[in-house]
Amino acid sequence: MTQNTDLPDVIPLFPLPGALLLPRARLPLHLFEPRYLAMFDDALKTPCRLIGMIQPNKVPGRAGPGLHTIGCAGRISQFSETEDGRYMVTLAGMSRFRLIEEVEGFTPYRRARVSWTGFERDNGPEEGDTAFDREKFLGILAQYFEAEDLQTDWNSLKEADDELLINSLSMLLGFEPEDKQALLEAPSLSTRRETLLTLIEFAMRGGDGEGMLQ
């Protein structure tokens, strides 16, 4: 496992609203814009092959999109090229980072100086969640899937490890970008699970605090 001390101080950034990458998880990406094709090509030439996923954060009165201060870096683990020059890429989540400052340069994509301090746990083994009431959680999740007309493989969900289950749902469910950011910044798996459950229950109430959807 790559240690935080081995991670670079400057990484390329891919600001993508609603796209969430978490440590030890995998995120598929479809790259087609010229600037991000250049970013991909340059990342492949580096030892760590990292791309920093980060959420845009609009700042009132400021031109152009701002960025949240915390993102997650992923290592290019798989890729394939289409006949028309696009890339289908898979990022393996390595560690969260804190954005220190953007770095000016001649690249068409954004880069930033980052700090990995405080996210050492991201490089460790999978997290468990000792307070996780899986049966209750899956019951609420079933109500949510029915209300949203979503389908899933329930046997796989029941058999998945705590971290895989919670992180996969955090990444895949269609929450707002700010909600995705809250899931990213959760300091532990149990905190992420609590945040995820709150978002699910809020969605089932229609976002207005009224009764559950039937």
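Which helix does glycine 139 lie in? Look for the answer in the first of these close-ups, which come from a predicted model.

**View 1. Glycine 139 sits in a helix and is partly exposed.** The helix here is H2, made of residues 134-148, and glycine 139 lies in it. Its relative accessibility is 31%, so glycine 139 counts as partly exposed, given that this label covers values between 20% and 50%. For a sense of scale, try leucine 16: its C-alpha atom and that of glycine 139 are separated by 32 Å. Along the chain, those two residues are 123 residues apart.

**View 2. Helix H1 has its buried residues on one side.** H1 runs over residues 34-44, and its buried residues are Tyr36, Leu37, Met39, Phe40 and Ala43. They span an arc of only 155° around the axis, which puts them on the same side of H1. Here's the background: an α-helix has 3.6 residues a turn, so residues three or four places apart point the same way. What do the buried residues of H1 pack against? Strands, as it turns out: E1 (10-15), E2 (26-31), E3 (50-54), E6 (70-81) and E7 (87-103).

**View 3. Helix H5 also has buried residues on one side.** In H5, residues 177-185, the buried ones are Lys180, Gln181, Leu183 and Leu184. Their arc around the axis is only 160°, so they end up on the same side of H5. The partners of these buried residues include the strands E6 and E7. Helices H4 and H6 (189-204) also pack against the buried residues of H5.

**View 4. Arginine 24 has a positive phi and touches residues far along the chain.** You'll find arginine 24 in the loop between E1 and E2. Its phi is near 70°, a positive value in a residue other than glycine. Is arginine 24 buried or partly exposed? With 26% relative accessibility, arginine 24 counts as partly exposed. Leaving aside residues up to four places away in sequence, arginine 24 touches Gly93, Arg121, Asp122, Asn123, Gly124, Pro125, Glu126, Glu127 and Glu163. Take asparagine 123 from that list: its C-alpha atom is 8.3 Å from that of arginine 24, although the two are 99 residues apart along the chain.

**View 5. Asparagine 123 is buried in a loop.** This loop links strand E8 (111-115) to H2, and asparagine 123 lies in it. The relative accessible area of asparagine 123 is 6%, so the residue counts as buried, the cut-off being under 20%. What does the side chain of asparagine 123 reach? The backbone oxygen of methionine 94, at 3.4 Å.

**View 6. Aspartate 149 is an exposed loop residue with a positive phi.** Aspartate 149 is located in the loop between H2 and helix H3 (154-159). Its phi is positive, about 55°, although aspartate 149 is not a glycine. With a relative accessibility of 63%, aspartate 149 counts as exposed, since that label needs over 50%.

**View 7. The largest pocket draws on H4 and E2.** This pocket has a volume of about 230 Å³. Its lining has 16 residues, and those nearest its centre are Ala25, Arg26, Leu164, Ser168 and Met171. E2 and helix H4 (162-172) are the elements that give two or more residues to the lining. Which element gives the largest share? That's H4, with six residues. Sorted by class, the pocket lining has nine nonpolar, three polar and four charged residues.

**View 8. The largest cavity has no charged residues in its lining.** How many cavities of 30 Å³ or more are there? The count comes to one, and the largest cavity has a volume of about 50 Å³. Its lining is made up of Ala19, Leu20, Leu21, Met53, Ile54, Gln55, Gly71, Cys72, Gln181 and Leu184. At least two lining residues come from each of E3, E6 and H5. Two names should look familiar from View 3: Gln181 and Leu184 line the cavity and are also buried residues of H5. By class, the cavity lining has seven nonpolar and three polar residues, and no charged ones.

Key: Residues numbered from 1 in each chain as written. Predicted model: local features only at pLDDT ≥ 70, side-chain atom pairs only at ≥ 80, totals over all residues. Heavy atoms only, no water. Buried < 20%, exposed > 50% of the residue type's maximum accessible area, 1.4 Å probe, protein only. Helix = DSSP H or I, 4+ residues; strand = E, 2+ residues; numbered from the N terminus. Arc of directions from axis to C-beta. Contact = heavy atoms within 4.5 Å. 1 Å grid on protein atoms, 1.4 Å probe; cavity = no way out; pocket = protein on both sides within 12 Å on 5 of 7 lines; lining within 4 Å. Points joined across faces, edges and corners; volume = space filled by probe spheres on them. Nonpolar A, V, L, I, M, F, W, Y, C, P; charged D, E, K, R; others polar. Polar contact = N/O pair within 3.5 Å; in protein donor to acceptor, adjacent residues only side chain to side chain.
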